[in-house]
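Colleague: I'm new to this one, so could you walk me through it? Let's take a look together.

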Amino acid sequence: MPQIPEKIHELTVGQVSARSGAAVSALHFYESKGLIRSRRTAGNQRRYSRDTLRRVAFVRAAQRVGIPLATIREALAELPEERTPTREDWARLSEVWRTELDERIKQLNRLRDHLTDCIGCGCLSLDTCVLSNPDDAIGQRQVGSRLMVERRTP
């Protein structure tokens, strides 16, 4: 991993990419989503502050555990300007995210356990489908194959 001298306070997109392991296109994407920010030089080149490296690491770690980018952006927005996420920040946020992840794991386990039933069914609109109509919730309100119509209605 390339070392960047500490006297350098701003990094080019190439330096951030090399140091963080994130592709240049990913850094541009993160910037477009408000996860990181840069300033432009007179020559219109991006320059990132050193704290961007920790922010990118934070974003990538959160993504690896399945946290949506919008949720990551909200978390980073809570930090004071120019402050990098700390271990305490990660601990606080991961505790909040743990509940969301536990629910997602529960849903994925349910999907895995009923995947064979789904493949056997083939239509995903049966009133007893455990994937698209758990516990026959829709059957309590109406009859027939209305799931596709119901999902398209805003």
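**Salt bridges and a serine**

Modeller: Let's start with Arg92: its relative accessibility is 39%, so it counts as partly exposed. Keep in mind that this is a predicted model.

Colleague: Okay, and which residue does the side chain of Arg92 meet in a salt bridge at 3.4 Å, N to O?

Modeller: Look along helix α5, which covers residues 87–121. The partner sits three residues from Arg92 in that helix, so about one helical turn separates the two. The salt bridge, at 3.4 Å from N to O, is with Asp89.

Colleague: Is Asp89 buried or exposed?

Modeller: The cut-off for buried is under 20% relative accessible area. Asp89 has a relative accessible area of 5%, so Asp89 is buried.

Colleague: Which residue is linked with Asp89 and Arg92 in a network of salt bridges?

Modeller: We've already met the pair formed by Arg92 and Asp89. The network links those two with one further name, Glu78.

Colleague: What about Arg104, which residue does its side chain meet in a salt bridge?

Modeller: Stay in helix α5 and go four residues from Arg104, about one turn of the helix. Arg104 is partly exposed at 27% relative accessible area, and its partner is partly exposed at 31%. Their N and O atoms are 2.6 Å apart in the salt bridge, and the partner is Glu100.

Colleague: And Glu10, how many residues apart are Glu10 and Arg39?

Modeller: Those two form a salt bridge, with the closest N and O atoms 2.6 Å apart. Glu10 is partly exposed at 32% relative accessible area, and Arg39 is partly exposed at 41%. The salt bridge between Glu10 and Arg39 links distant parts of the chain, from strand β1 (residues 10–11) to strand β2 (residues 39–40), and the two residues are 29 residues apart.

Colleague: How many salt bridges does the structure hold?

Modeller: We've talked about a few, including Glu10 with Arg39 and Arg104 with Glu100. For the structure, the count is six.

Colleague: Let's switch to Ser17. Which residue's backbone oxygen lies 2.6 Å from a polar atom of the Ser17 side chain?

Modeller: Ser17 lies in helix α1, residues 13–20, and at 15% relative accessibility it counts as buried. Leaving out residues up to four places away in sequence, Ser17 touches several residues, among them Ala23, Val24 and Leu27. The backbone oxygen lying 2.6 Å from that polar side-chain atom belongs to Ala22.

How values were computed. Residues are numbered from 1 along each chain as its sequence is written. This is a predicted model: local features need pLDDT of at least 70, side-chain atom pairs count only at pLDDT 80 or more; totals for chains, interfaces and linings use all residues. Side-chain values use heavy atoms; hydrogens and water are left out. A salt bridge is a side-chain nitrogen of Lys or Arg within 4 Å of a carboxyl oxygen of Asp or Glu. Buried means under 20% relative accessible area, exposed over 50%, partly exposed in between (1.4 Å probe, protein chains only). A polar contact is a pair of N or O atoms within 3.5 Å; within protein, one must be able to donate a hydrogen and the other to accept it, and residues adjacent in sequence count only if both atoms are side-chain atoms. Contact means heavy atoms within 4.5 Å.
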